[in-house]
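Welcome to a short set of exercises, each with a worked solution. Keep the viewer open and try each task before you read on.

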Amino acid sequence: MWQRIDPGAAGFAPDLAERLDALIEEGRAPGLHGVVVARHGRLVLERYGRGEDYAWNTPLGLVDFGPETRHDIRSVTKSVVGLLYGVALAAGLVPEPGEPILRHFPEHADLAADPGRAALTVEHAMTMTLGLEWDESAPYTGPENSEIAMEMAEDRYRFVLECPIVEEPGKRWSYSGGAAALVGGLIARGVGRPLEEFARDALFAPLGITSFEWMAGEDGVVSAASGLRLAPRDLARIGQAVLDAEVIPASWIADMLRPRVPTWDGFSYGYLWHVGPERPEEPSFRRAMAVGNGGQRLFLFPDLDLVVAVTAGVYNGDGQDAAARAVLDEVLLPALAS
């Protein structure tokens with residue numbers, strides 16, 4: 001259970017709630033479904049709205065969101081999988097990041113016979129630098145999108161691993177739900193049970209998270225790329241666990257959040273997490289971020305001991321980050337005491 005703290009006692013302006021309410025009432029946070037703010041391990045503020053929502057592409061109609069309402073977190077799922085990998089690694093159940101990935105998919109030995117594919121490592125998947133052809137620019141509604149095609153495939157792992165090689169691995173970040181699927185497969189194989197069961201026992205239950213849903217593709221395997229549904233309060237709880245190195249080993253968190261390859265706008269990618277941008281003149285602005293289609297965001301500010309979870313419904317469209325950006329830049333950060 002979250003303990004609550006008044007905004008003023010957490011270092012925010014006392015009128016933080018009123019500032020957020022004004023932002024919402026003025027329409028400057030489009031599609032916002034939920035916001036949860038925690039600082040120093042305690043709940044500072046939460047707000048929920050009402051709006052049209054979906055579970056993947058299944059319409060849910062008009063939903064009144066609340067503290068217990070599960071929400072698609074879409075590709076924030078990838079970052080949760082990054083945490084699960086670290087827990088499994090500490091237990092010696094999954095390969096080290098530098099190991100060849102095809103070694104752990106022995107049923108695809110024909111692919112491993114290709115020297116280019118044999119060079120692919122777990123780290124290439126964790127950093128989305130596989131160098132394989134992959135395109136998620138189409139809407140997530142049909143097989144024109146590589147992730148959706150993977151979810152429809154008979155064997156999701158082969159679907160990813162046999163994609164054409166388009167460049168040397170490890171050189172360039174290229175967004176890929178397939179990369180996350182491979183990591184999820186490694187975890188499930190290493191722990192000897194489905195990914196969702198390991199998540200429940202190794203991460204969710206220890207953090208007091210009892211309600212979650214993990215959607216699966218046509219092969220019955222849960223989607224490590226985008227399938228999790230969690231309440232925003234529980235998403236924030238996961239973020240706090242990262243800051244506190246609770247359940248997840250501190251050494252893994254440091255590795256996971258180390259910038260490894262540039263992405264966009266000054267950000268970099270660690271292991272299935274976005275990190276940055278680096279601002280030497282503002283060391284307190286150091287952040288890590290998990291991002292999902294539709295405006296799902298989990299922000300971590302380690303130097304501020306601040307966690308912000310945002311859910312929204314701007315799926316497949318432009319301006320998906322507008323609500324989260326407004327909440328952060330127009331309300332939360334300005335309301336922090338210097």
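We start with the second largest cavity, which holds about 40 Å³ of space. Please bear in mind that this is a predicted model.

**Exercise 1. Find the residues that line the second largest cavity, and sort them by class.**

Step 1. Select the lining: Ser75, Lys78, Ser79, Met128, Tyr175, Tyr269, Leu272, His274 and Val291.

Step 2. Sort them, and you should arrive at 5 nonpolar, 3 polar and 1 charged residues.

Step 3. Place this cavity in the whole structure, where the search finds 2 cavities of 30 Å³ or more. The largest cavity contains about 90 Å³ of space.

Step 4. Turn to the walls of the largest cavity, which are made by 13 residues. Nearest its centre are Leu130, Gly131, Leu132, Ser174 and Ser176. The class count for this lining is 6 nonpolar, 4 polar and 3 charged residues.

**Exercise 2. Work out how helix 2 and helix 8 pass each other, and which residues meet there.**

Step 1. Locate the two elements: helix 2 covers residues 76–90, and helix 8 covers residues 177–191.

Step 2. Look at the axes, which come within 10 Å and cross at roughly 30°. The crossing of helix 2 past helix 8 is left-handed.

Step 3. List the contact residues. Helix 2 brings Lys78, Val81, Leu84, Tyr85 and Ala88. Helix 8 answers with Gly177, Ala180, Val183, Gly184, Ile187 and Val191.

Step 4. Count by class: the contact of helix 2 with helix 8 has 8 nonpolar, 2 polar and 1 charged residues.

Step 5. Link back to Exercise 1: Lys78 takes part in this helix contact, and Lys78 also lines the second largest cavity.

**Exercise 3. Decide whether glutamate 147 is buried or exposed, and name its contacts.**

Step 1. Find glutamate 147 in helix 6.

Step 2. Compare its relative accessible area, 2%, with the cut-off: glutamate 147 is buried because its value is under 20%.

Step 3. Collect the contacts, leaving aside neighbours within four places in sequence: Lys78, Trp134, Glu136, Tyr140, Gly177, Ser223, Ala225 and Ser226.

Step 4. Notice two names from Exercise 2. Glutamate 147 is in contact with Lys78 and Gly177, and these residues belong to the contact between helix 2 and helix 8.

**Exercise 4. Describe the largest pocket, and then follow glycine 292 from its centre.**

Step 1. Note the volume of the largest pocket, about 980 Å³.

Step 2. Go to the lining, which has 40 residues. Closest to the centre are Trp264, Val291, Gly292, Arg297 and Gln320.

Step 3. Ask which elements give two or more residues to this lining: they are helix 6 (146–152), strand 11 (288–292), strand 12 (296–301) and helix 12.

Step 4. Divide the lining by class, which gives 18 nonpolar, 10 polar and 12 charged residues.

Step 5. Take glycine 292, which lies in strand 11. Glycine 292 counts as buried because its relative accessibility is 2%, under the 20% cut-off.

Step 6. List what glycine 292 touches, not counting residues up to four places away in sequence: Ile73, Arg74, Ser75, Val76, Arg297 and Gln320.

Step 7. Finish with a distance. Glycine 292 and aspartate 72 are 220 residues apart along the chain, and their C-alpha atoms are separated by 8.7 Å.

**Exercise 5. Two residues have a positive phi although neither is a glycine: where are aspartate 265 and asparagine 316, and how exposed is each?**

Step 1. Start with aspartate 265, whose phi is about 50°. Aspartate 265 sits in the loop between strand 8 (261–262) and strand 9 (268–269).

Step 2. Check its surface: aspartate 265 is exposed, with a relative accessible area of 65%.

Step 3. Move to asparagine 316, whose phi is about 60°. Its loop runs between strand 13 (306–312) and helix 12 (322–335).

Step 4. Check asparagine 316 in turn: this residue is partly exposed, with a relative accessible area of 33%.

How values were computed:
Residues numbered from 1 in each chain as written. Predicted model: local features only at pLDDT ≥ 70, side-chain atom pairs only at ≥ 80, totals over all residues. Heavy atoms only, no water. Helix = DSSP H or I, 4+ residues; strand = E, 2+ residues; numbered from the N terminus. Buried < 20%, exposed > 50% of the residue type's maximum accessible area, 1.4 Å probe, protein only. Axes fitted to C-alpha atoms, helices over the stretch in contact; angles between N-to-C directions. Left-handed = near helix turned anticlockwise from the far one by under 90°. Contact = heavy atoms within 4.5 Å. Nonpolar A, V, L, I, M, F, W, Y, C, P; charged D, E, K, R; others polar. 1 Å grid on protein atoms, 1.4 Å probe; cavity = no way out; pocket = protein on both sides within 12 Å on 5 of 7 lines; lining within 4 Å. Points joined across faces, edges and corners; volume = space filled by probe spheres on them.
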